Amino acid sequence: MTKPVVLIAEELSPATLDALGPDFEVRHVDGADRSALLPALDGVDAVLIRSATKMDAEAIAAAKGLKVIARAGVGLDNVDVPAATQAGVMVVNAPTSNITSAAELAVGLLLASARNIAPANEALKGGAWKRSAYGGVELLEKKVGVVGFGRIGQLVAERLKGFGVEILAYDPYVSAARAAQLGARLVSLDELLAESDFITVHLPKSPETVGLIGKEALTKVKPSVRIINAARGGIVDEQALAEALREGRVAGAGIDVFAKEPTTESPLFEFESVVVTPHLGASTDEAQEKAGVAVAKSVRLALGGDLVPDAVNVAGGLIAEEVRPGIDLVEKLGRIFTAIAGSVPVALDVDVKGEITSHDVSIWELSALKGLFSDITENPVTYVNAPLLAKERGVEVRLLTSADTQDFRNVTTLRGTLSDGSVVSVAGTLTGPRMIQKIVGVNGFDIEVPLSQHMAFFTYADRPGVVGALGRLLGDADVNIAGMQVARNDDSRAALVALTVDSAIPADVVTAIGQEIGADSIRVVDLD
């Protein structure tokens, strides 16, 4: 019997090969050498990579028979996940391999900032004994603000509790009760900024979080505060932080990640009170070994036809071909639901109607949850951890199916009840031979709009002139409208405008539109 072929495209730990076991034919190639990689991919069942190998559409097309792309790490910037999904190739990574390393580095940066370890080290090695120049502060009885209270934020809080600090947490998707269980006090972002002696950031990077700790936020902090970012570059605005340091409005910082990487230039580099590292969050022997072993186990599961916990696009196991196109649609509906709701629901129905229900569509329930949490956690969401995230946040989920449907052959509706009792719903379908993804309903408004990377939804009291105002304001901002649909609710005289645009709408333009049309609600969705 022929063994499945696994291609190792980059250097991995011996433990990775041990985890694969003897059941595979293992080949090696230099994945950074494109001319060697492409022919080597033909006929392999799985490829294991790190960050230097690009598995883009061209590489995936060259990999005839490929079943799994395994990235030994967290990020997937070098993998074209949509192209892999279209080709039926599973993509797996190691989403929790570096969480301990990342948390420990954040604590290390915080301590280094508090005690001026980096400049004192540099001065002494340069021949200067400067005890009085590098006095620091204790952590005891200080307040540490954790911005983003997911897995890594919680690990940081757990480790810092031993220093006798008070933990403040900001995370709109974590309940106060859950934070209290973990020894933290849940507060608003403004309260955290105003009270914290140290602020450490542990958020995913998204349009909503880029620049979150920026010019405005830094006017609200204590002048003695020290800011730590070992999460994602760009969440802390480097230029705004440099200005605050220069003006004495911030005492220090510890930064591991930057808006542009790799970089050897930043306005932060001029300050002795800033300790910087070159994105070392996952750079430990343990994290690298955990990542390799985790993806090796995933490869074994995937090639054995089993459920794969760390699959980012499909769950593994038997999924009907008719069901596969809906996986991505339902995941996007989950992301749109969270954007429109502004929070996660306490109860969610995944309501599938139409002839598709003759197949097993249970994967769509997992897809909905994956989308629901994808933009609000700092770690990748998978088909196995998504239900665990729902359980942690008290979200009850039901999959409802019915063969009866009126307007479309198949339609899936995510209908969720929020903590205040309000109900949010988003419905979608696939239409035509090309299976175009469309939104066909939002909160009771009937629409039919193709999904786009950049979307916006405005509700307002129906009256003339609104569409013209929208077009004018977006045109003035050089934002091109790709599509627009207006729907009305005759009972309440409310109207909904659904927009697809060619580029992200700047925040100030969104605000201006809301003021101009007297919007009751504004929701912007960026499906990067």
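Let me start with three words. Buried means under 20% relative accessible area, exposed means over 50%, and partly exposed is what falls in between. Keep those cut-offs in mind. We will use them often.

One caution before we go on. This is a predicted model.

Now the first case. Take E516. At 41% relative accessibility, E516 counts as partly exposed. Its position is in helix α16, residues 507–517. What does E516 form with R472? A salt bridge, and the closest N and O atoms are 2.8 Å apart. R472 is partly exposed too, with a relative accessible area of 40%. R472 sits in helix α15, so the pair ties together parts that are 44 residues apart in sequence.

Next, the wider search. How many salt bridges does a search of the whole structure find? It finds 27. I will show a few of them.

Start with R34 and E58. They form a salt bridge, with 2.9 Å between the closest N and O atoms. This pair links distant parts of the chain. R34 is in helix α2, residues 34–41. E58 is in helix α3, residues 57–62. The two are 24 residues apart. How open are they? R34 has a relative accessible area of 24%, so it is partly exposed. E58 has 48%, and that makes it partly exposed as well.

Now R409 and E355. Their side chains meet in a salt bridge, at 2.3 Å from N to O. Here both partners sit in loops. R409 is in the loop between β14 (396–402) and β15 (410–417). E355 is in the loop between β13 (347–354) and α13 (362–374). They are 54 residues apart, and the pair links distant parts of the chain. Is R409 buried or exposed? Exposed, because its relative accessibility is 60% and the cut-off is over 50%. E355 comes in at 44%, so it counts as partly exposed.

Let's move to the surface patches. There are two to look at.

First, the charged one. E104, D285, E286 and E289 gather in a patch of negative charge on the surface. Which helix gives the largest share of this negative patch? Helix α11, residues 285–303, with three residues. D285 is found in that helix. D285 is exposed, with a relative accessible area of 68%.

Second, the nonpolar one. V467, M484 and V486 make a nonpolar surface patch of about 210 Å². V467 lies in helix α15, residues 466–476. We met helix α15 earlier, as the home of R472. At 40% relative accessibility, V467 counts as partly exposed.

Now some buried threonines. Take T429, in strand β16, residues 423–431. Why does T429 count as buried? Because its relative accessible area is 3%, and buried means under 20%. Its side chain reaches the backbone oxygen of N410 at 2.4 Å.

Then T377. T377 lies in the loop between α13 and α14, with α14 covering 385–392. T377 is buried as well, at 9% relative accessible area. A polar atom of its side chain lies 3.4 Å from the backbone oxygen of F373.

Last topic: separation along the chain and separation in space. Look at L400, in strand β14. At 27% relative accessibility, L400 counts as partly exposed. How far apart in space are L400 and K353? They are 8.2 Å apart, C-alpha to C-alpha, with their positions 47 residues apart in sequence.

Set beside that F269. Its place is in the loop between β11 (252–255) and β12 (274–276). F269 is partly exposed, with a relative accessible area of 35%. Its partner for this example is F457, 188 residues away along the chain. Their C-alpha atoms are separated by 41 Å.

Let me close with a quick recap. Find E516 and R472 in the structure, and look for their salt bridge. Find the negative patch, with D285 among its residues. Then find T429, which is buried, and R409, which is exposed. And remember that the model is predicted. Thank you.

Conventions
Residues are numbered from 1 along each chain as its sequence is written. This is a predicted model: local features need pLDDT of at least 70, side-chain atom pairs count only at pLDDT 80 or more; totals for chains, interfaces and linings use all residues. Side-chain values use heavy atoms; hydrogens and water are left out. Patches are made of residues with over 30% relative accessible area and no salt bridge: like charges are joined within 9 Å, nonpolar side chains (Val, Leu, Ile, Met, Phe, Trp, Tyr) within 5 Å. Accessible areas come from the Shrake-Rupley method with a 1.4 Å probe; for residues, only the protein chains shown count as cover. A salt bridge is a side-chain nitrogen of Lys or Arg within 4 Å of a carboxyl oxygen of Asp or Glu. Lys and Arg count as positive and Asp and Glu as negative; His and the chain ends are not counted. The place of a charge is taken as NZ of Lys, CZ of Arg, CG of Asp or CD of Glu. Helices (H or I, at least four residues) and strands (E, at least two) are DSSP runs, numbered from the N terminus. Buried means under 20% relative accessible area, exposed over 50%, partly exposed in between (1.4 Å probe, protein chains only). A polar contact is a pair of N or O atoms within 3.5 Å; within protein, one must be able to donate a hydrogen and the other to accept it, and residues adjacent in sequence count only if both atoms are side-chain atoms.
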